[in-house]
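Please look through the structure shown below, with its sequence beside it, before reading the briefing. The notes after it deal with the cysteines and then with the ligand.

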Amino acid sequence: MRIAVAKEIEVCERRVALIPDTVARLVKQGVEMWVETGAGERAFFSDAAYEAAGAKVITDTATLWGEADILLKVSPPQEREDGRSEVDLLKEGAVLISFLNPLGNPSIARRLVERKVTAISMEMIPRTTRAQSMDALSSQASIAGYKAVLIGAAALPKYFPMLTTAAGTIAPAKVFIMGAGVAGLQAIATARRLGAIVEAFDIRPAVKEEVQSLGAKFVEVKLEEETTTAGGYAKEISEVSKQRTQEVVTEHVKNADVVITTAQVPGKKAPLLVTQEMVAQMKPGSVVVDLAAEQGGNCACTDPGKDIVWNGVTIIGPINLPSSMPVHASQLYSKNLSSLMQLLIKDNALNVNFADDIIDAACITHAGEIHNQRVREALQAFTTVS
Ligand code: NAD
């Protein structure tokens with residue numbers, strides 16, 4: 001059984017799939033570990049550290065990909081400089097575990113099927129108690145929520161905490177967090193630690209208590225429809241509900257010094273929460289940090305990957321924030337992967353067991369077929385459109 005860790009070729013990806021500590025644990029378990037040279041470099045884990053952990057450092061990319069039983073990555077496979085896809089380097093029957101974005105970019109599933117790869121998508125790990133230690137969406141979203149507050153605080157021309165000084169009293173900053181999932185809750189906690197007054201809003205009423213327990217005020221909007229799926233995720237809401245929420249949140253956006261938006265609906269474009277009219281009412285010097293920038297943005301003024309100033313308001317649309325904290329992001333992702341692999345390895349051999357609900361849900365392709373119904377539907381819709 002050979003597990004390989006690939007070097008990420010995506011330009012802004014600094015994370016690595018496994019850190020040396022996890023490699024050492026797998027080696028102890030009897031697994032042969034290969035790590036591509038330089039794989040951990042941008043997360044400050046050297047080839048020497050992987051060698052000390054018992055891994056073999058491989059310099060030839062094609063050998064590493066082509067001879068792996070399980071190939072581990074962070075970002076979805078990319079086109080290489082030679083025009084080939086990384087997927088084409090895998091041997092038939094190999095297992096690929098990575099973020100794969102199969103609902104956002106379902107065409108990847110077609111390529112994985114052609115290659116007869118067993119692909120496990122980290123986005124599709126169920127959000128259940130048993131799967132908590134494998135939940136990479138949560139481990140990485142929490143980093144994004146934390147970093148969003150630091151970015152907002154750095155861009156704000158004001159203090160966050162209340163200060164009483166000889167030169168006068170400083171009022172605390174007001175932070176409004178829209179979307180109180182994993183990233184939003186971490187953003188609330190971080191903004192509170194920095195001393196801001198925090199308000200938060202979400203269409204899922206179930207988060208009210210969590211928001212309050214972190215010391216923030218929950219902005220409640222009573223909607224006439226069910227806003228949560230059976231799996232606990234948000235649903236896309238009707239135009240009437242969108243109108244209603246906008247009426248309520250406009251006042252809170254207007255009064256905030258920093259607005260942090262984190263709202264997502266799985267498999268859909270991010271909902272528009274902050275319109276241009278709302279930004280126009282914000283105080284000059286205020287800041288919006290839009291964590292949904294990559295999914296189309298929660299703010300109408302967001303330009304993904306850029307900081308812009310519109311009407312005196314700074315709007316920041318960061319991309320891949322977890323990668324900006326590669327040490328801890330890699331450490332947590334590495335733990336997520338190692339927990340998952342305990343389900344995939346039995347007696348030092350590969351064991352893809354679909355009777356296990358986590359493997360069944362997270363596996364998107366297997367033995368030349370699409371394994372996951374939602375991915376099948378997404379690919380059909382994608383094929384019809386294109
Ligand atoms: P997400 O990234 O999909 O969305 C972020 C937040 O945006 C969510 O709280 C969502 O309700 C909110 N949102 C969506 N549309 C909105 C709108 N129009 N206006 C305002 N807010 C809107 O969410 P997530 O952080 O991945 O969490 C999704 C769910 O999974 C949550 O219920 C969370 O508690 C649950 N979860 C469970 C576990 C577990 O039990 N192991 C672990 C992690 C997350």
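C12 is partly exposed, which here stands for a relative accessible area between 20% and 50% (buried is under 20% and exposed is over 50%, found with a 1.4 Å probe on protein chains only), and the value for C12 is 41%. The model is a predicted one, in which local features need pLDDT of at least 70 and side-chain atom pairs count only at pLDDT 80 or more, while totals for chains, interfaces and linings use all residues. Residues are numbered from 1 along each chain as its sequence is written, and side-chain values use heavy atoms, with hydrogens and water left out.

**Cysteines**
- C299 counts as buried, since its relative accessibility is 2%.
- A search of the whole structure turns up zero disulfides, a disulfide being a pair of cysteine sulfur atoms within 2.5 Å.
- C299 is accordingly in no disulfide, and the nearest cysteine sulfur, which belongs to C301, is 4.5 Å away.

**Ligand surroundings**
- The ligand is surrounded by 22 residues (each with a heavy atom within 4 Å of it), and the closest are S138, V182, D202, R204 and G232.
- By class, this shell holds 10 nonpolar, eight polar and four charged residues, where Asp, Glu, Lys and Arg count as charged, Ala, Val, Leu, Ile, Met, Phe, Trp, Tyr, Cys and Pro as nonpolar, and the others, Gly among them, as polar.

**Atoms facing the ligand**
- An N or O atom in the side chain of R204 lies 2.6 Å from an oxygen atom of the ligand.
- From the backbone, an N or O atom of V182 is 2.7 Å from a ligand oxygen atom, and one of G181 is 3.1 Å from a ligand oxygen atom.
- On its own the ligand has 840 Å² of accessible area, of which the protein covers 83%, as calculated by the Shrake-Rupley method with a 1.4 Å probe.

Key:
Polar contact = N/O pair within 3.5 Å; in protein donor to acceptor, adjacent residues only side chain to side chain.
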